[in-house]
Amino acid sequence: MDNKPVPDKLSGLYNTLLSRRASNEHKDWELTITALKLLAVTHRPFSILELSWAVTLHTARHVTTVDDLSKLVDHQKLMSLIQPFIACVEPSNLRRYQVQLIYQSMKELILRRWEPNATYSGSPASERDDGQRFGGPEALILDICIRYLLLTEIDDQYLFSEEQIAISELPQESDLFNDEKEPVKYDSHCSWEAWEEDMIQFNPAELGLGEFFVYASCYWLKYYTLVTAEALPNLASIEKLCRANSIRIRNWTQQNRRPGCAMPPRFPFDSQLYDPLSITCLYGSVDMLHAMLRGSDFDNNNFLNMTAINAADQILQWGDMSRLGTLFLDPRLGHQLRNLDFFRLIIRRWRESSVSRPDWDDAFALIDLATDQMVQQQWGLELFDRDEEQPVICVFCGAQPGDSPEYLAAARALAHELHAANAKLVYGGGTKGLMGEVAKTLVSLSGPSAVHGFIPRALVAYYPDADVGKSQNDGKQPERIQAPGSSLAEGEYGRITIVDSMHERKQKMAEQVLAGGPGSGFVALPGGYGTLEEVAEVITWNQLGIHDRGIVLLNVNGFWDGLVAWIAKAAQRGFIGPANKDIMVECKEVGEVIGALKAYNPSGGRLNLSWGCK
């Protein structure tokens, strides 16, 4: 240790090694120094192919397709150039995350080269140009990530088909038919890698999206947070990358949810809710947000309609509340927030929030800025009046995805309708199939307080996700099994309450619906025996006068045609009274469901019996 070189000598040693490896040839030097810069700021070790693709893209500025880039990559040459500076790698395993700098001092030297007025011997002008153009290594790797995600193929084909998403909803255990097998339990130190070890995996490279797609999708937002005014990415590129409802934004958000390339996602991230402004409000730096507000045309189709109110809603759920003020005061977009609906949204999100956040004061402080408008438009008193009681809708559905992607799509669409109607969901507490899909989709839209599941203790073992959840911070949560009647912390599938029996489960769900506001009721998506039994019971309860809430059969692609025909036949043969055959309302389109519940009129043939405590 006494002979450890001082920093200047160490810098000279590295420069000598660089010069020998790259022979001071412009192309080799650029490949080498770019690779070292990326390794200095990576969030995890690169694979050999990831690093090679990223470096090649940076040095080949003309490339616009994944296919063209693949023809230029020479990973063997790159590894030979950087070999003295990296830890030992297994060269035959090209996709293993293993490439990293061997010395911390090398990382410090690379980062020091971006300091103002830094000069170094032996480096070509191109290296100094990088420093001037990007301002820092984070800006350099952000540029590479953005350029990669803008390659043509990323917007040409979907990362997942609807069939693949349906497969991901199936139970992931390898031995599905072994009744004696205990449910998988993970301890409090379970990693994501251990959790996902036996799950279905996918490889985006095999789908034509190339070797750098995973890293670019999962980590570009981390660098986007750090950009400064001196090195902002091109605004048009950000708009193209985050264009509303594009294949591109769907692809990188789908991958972002799955950094380990296991089919089940780690967290909700619904691309339909996002556009360039909402992504920048949540993940971009302050400088980037101001640049977008100054320079973007918010009327073009890159952005969602009412983009500011949409972005504000995302901030209220996940973001930095201080950015609400930036939107509120913006001369072009502020009018979308200076109204009664926006302040009602603040109050609703505040009531729904399950996390204590000190920055709610930043949101409510905006009321002071709108005092004049409150007086002029006379909506101040209306704002602070008690909101109309929320409708509560119980959804019966299968714990399997079914054999058609239409069923999962209908579950997601129904969640969007519930969100638009400001309705709460109660359901059977499962995390798979249509049950899990409608719950987690609504959680991603309205927050976890909008969803309440009830599950019998005996069924918990069949739902690994209902047994042990996962958090974004460390890949795990405590076991979710608790005493009957207890409620679990709100998470990806909302709040889950464990009950003793199937009957108690149905009773609790019905009680929630009966306590809900106008428009509350029951909806049946496709399902199996359990779904059919639940629907039949609430129909019977309605007929007997136990409740008067609406019941809607969502007949997706003719799934319930047999039941509809049976009801008609039973009424024709005299087993169901003419007035009671319409106790249940059939809807063939998801968009009809909320309206049908609001317009529901109880049957004139119901029995007006006194049931005491219902």
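**Exercise 1.** In this predicted model, find the residue with which Glu211 forms a salt bridge, and work out which parts of the chain the pair ties together.

*Solution.*
- Step 1: look for the partner. Glu211 forms a salt bridge with Arg95, and the closest N and O atoms sit 2.6 Å apart.
- Step 2: test that against the cut-off. A salt bridge needs a side-chain nitrogen of Lys or Arg within 4 Å of a carboxyl oxygen of Asp or Glu, and this pair is listed as one at 2.6 Å.
- Step 3: place both ends. Glu211 is in the loop between helix 10 (192–195) and helix 11 (213–224), while Arg95 is in the loop between helix 5 (75–82) and helix 6 (104–112), so the bridge ties together parts that lie 116 residues apart in sequence.
- Step 4: check the accessibility. Glu211 has a relative accessible area of 13%, so it goes down as buried. Arg95 comes out at 42%, which makes it partly exposed.

**Exercise 2.** Which residues are joined into one network by salt bridges that share partners?

*Solution.* Follow the shared partners and you get Arg412, Glu437 and Lys440. For the wider tally, the structure holds 14 salt bridges.

**Exercise 3.** Take the salt bridge between Asp143 and Arg61. Is Asp143 buried or exposed, and what does the pair tie together?

*Solution.*
- Step 1: get the distance. The two side chains meet at 3.2 Å, N to O.
- Step 2: locate the ends. Asp143 belongs to helix 8 (residues 137–149) and Arg61 to the loop between helix 3 (48–59) and helix 4 (66–72), so parts 82 residues apart in sequence get tied together.
- Step 3: apply the cut-off. Buried means under 20% relative accessible area; Asp143 has 19%, so it is buried. Arg61, with 42%, is partly exposed.

**Exercise 4.** Classify the accessibility of Glu90 and Arg96, whose side chains meet in a salt bridge.

*Solution.* Start with the contact: 3.3 Å, N to O. Next, Glu90 has a relative accessible area of 35% and is partly exposed. Arg96, at 43%, is partly exposed as well.

**Exercise 5.** In which sense do strand 6 and strand 7 pair, and what is the handedness of the crossover between them?

*Solution.*
- Step 1: read the pairing. Strand 6 (residues 550–554) and strand 7 (residues 584–587) run in the parallel sense, over four bridges.
- Step 2: pick a register point. Ile551 stands opposite Met584 in strand 7.
- Step 3: trace the connection. From strand 6 the chain passes through helix 29 (residues 561–572) to strand 7, and this β-α-β crossover is right-handed.

Terms used
Residues are numbered from 1 along each chain as its sequence is written. This is a predicted model: local features need pLDDT of at least 70, side-chain atom pairs count only at pLDDT 80 or more; totals for chains, interfaces and linings use all residues. Side-chain values use heavy atoms; hydrogens and water are left out. Two strands pair if DSSP finds at least two bridges between them. Helices (H or I, at least four residues) and strands (E, at least two) are DSSP runs, numbered from the N terminus. A crossover is right-handed if, with the strands pointing away from the viewer, the path from the first strand over the helix to the second runs clockwise. Buried means under 20% relative accessible area, exposed over 50%, partly exposed in between (1.4 Å probe, protein chains only).
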